[in-house]
Amino acid sequence: MAAVLMLRGSARLLYKHRKVRAVSIAMVCSRAMASKTPVGFIGLGNMGNPMAKNLVKHGYPVVAYDVFPEACKEFQDSGAQVMDSPADVAERADRIITMLPSSPNAVEVYTGANGILKKVKKGSLLIDSSTIDPAVSKEIAKAVEKMGAVFMDAPVSGGVGAARAGNLTFMVGGVEQEFDAAKELLTCMGSNVIYCGEVGTGQAAKICNNMLLAISMIGTAEAMNLGIRLGLDPKLLAKILNMSSGRCWSSDTYNPVPGVMEGVPSANNYQGGFGTTLMAKDLGLAQITATNTKTPVPLGSLAHQIYRMMCAKGYALKDFSAVFQFLREEENL
């Protein structure tokens, strides 16, 4: 009798093991099938290019579009589908990520004559990683909702280096129930994916971050410039700052002084990275939202003025850390 009971118990354990294994295999197969579903990516600039590449590395076929065809050539050569318009991307993919320079660009890509909404499928997930006005994100979300699709704003922080390494931080706004679906894709491109609240809150977080970044970069550039003029070696000064209370991302990870760090724009004549024009744009968004909410941002306002001056004096296409060079050259600031 005991032997019979043992056999029955063993049979139950074997059945349970096989059932768990079958479920595990089914989950793996499900993920594998999901990874084969094409993902649209619109905007293959300095940030969008490495982000889309990381999706490919994780097994997602990319359906790409950029207003500049040459930006798509690399993807086309590797076998990716390249479309002629955002609408064509929406026809081929029900999950789309956009990475665009400004609010007008985002409005055009989503609602323009050949925009995503012309051919979007019901139930599609549309994730905008551009940095734009939160109010514009909300308007786009309304238009997307009318088409039966889902819109989430998910701007990023970390710069081109983090985009290449897949270590971006995503600040996500939208319907909370859709966050996990968005996170599945965003974790392929970032190490931090944070839910912020309703649509627009991701943009709000990003705007606050970039205002602080601009202020800290200007402060780092001023401190480094002053120290150099007082006779300090820039590498030594950077070392001291980075082990002291003045330490910040602009000093220890993205130092604006040529020769202090390798692999940053200041080591390459301020080429690549995050453009001065884009920083001026983001600071402009901060000013608009500050005005609308009656929030005093005196340092943010000064930073905006400085970056606008830089754009007017030939620094528009240089990385925003070129503020160090700007300060060195401006005797009448």
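Lys-206 is placed in helix H9, which spans residues 201–229, in what is a predicted model. The unreviewed UniProt entry carries the annotation "active site" for Lys-206, and such annotations may be inferred rather than shown by experiment. In the model Lys-206 counts as buried because its relative accessible area is 6%, which falls under the 20% cut-off for that word. When neighbours within four places in sequence are left aside, Lys-206 is in contact with Thr-131, Pro-155, Val-156 and Met-171.

Another charged residue, Asp-133, sits in the loop between strand E5 (125–128) and helix H6 (134–146). Asp-133 is buried and yet has no salt bridge, since the nearest side chain of opposite charge, that of Lys-138, is 8.1 Å away, whereas a salt bridge would require the two charged groups to be within 4 Å. The side chain of Asp-133 does, however, reach the backbone nitrogen of Ala-135 at 2.9 Å. Apart from its neighbours within four places in sequence, Asp-133 is in contact with Ser-103, Leu-285 and Ile-288.

Two residues can be set side by side for their backbone angle phi. Most residues other than glycine have a negative phi. Tyr-270, however, has a positive value, and Lys-294 also has a positive phi although it is not a glycine.

| Residue | Phi | Loop between | Relative accessible area |
|---|---|---|---|
| Tyr-270 | near 60° | helix H11 (249–252) and helix H12 (276–292) | 2%, buried |
| Lys-294 | about 55° | H12 and helix H13 (298–315) | 76%, exposed |

Tyr-270 is thus buried, with a relative accessible area of 2%, while Lys-294 is exposed, with a relative accessible area of 76%.

Methods:
Residues are numbered from 1 along each chain as its sequence is written. This is a predicted model: local features need pLDDT of at least 70, side-chain atom pairs count only at pLDDT 80 or more; totals for chains, interfaces and linings use all residues. Side-chain values use heavy atoms; hydrogens and water are left out. Helices (H or I, at least four residues) and strands (E, at least two) are DSSP runs, numbered from the N terminus. Buried means under 20% relative accessible area, exposed over 50%, partly exposed in between (1.4 Å probe, protein chains only). Lys and Arg count as positive and Asp and Glu as negative; His and the chain ends are not counted. A polar contact is a pair of N or O atoms within 3.5 Å; within protein, one must be able to donate a hydrogen and the other to accept it, and residues adjacent in sequence count only if both atoms are side-chain atoms. Contact means heavy atoms within 4.5 Å.
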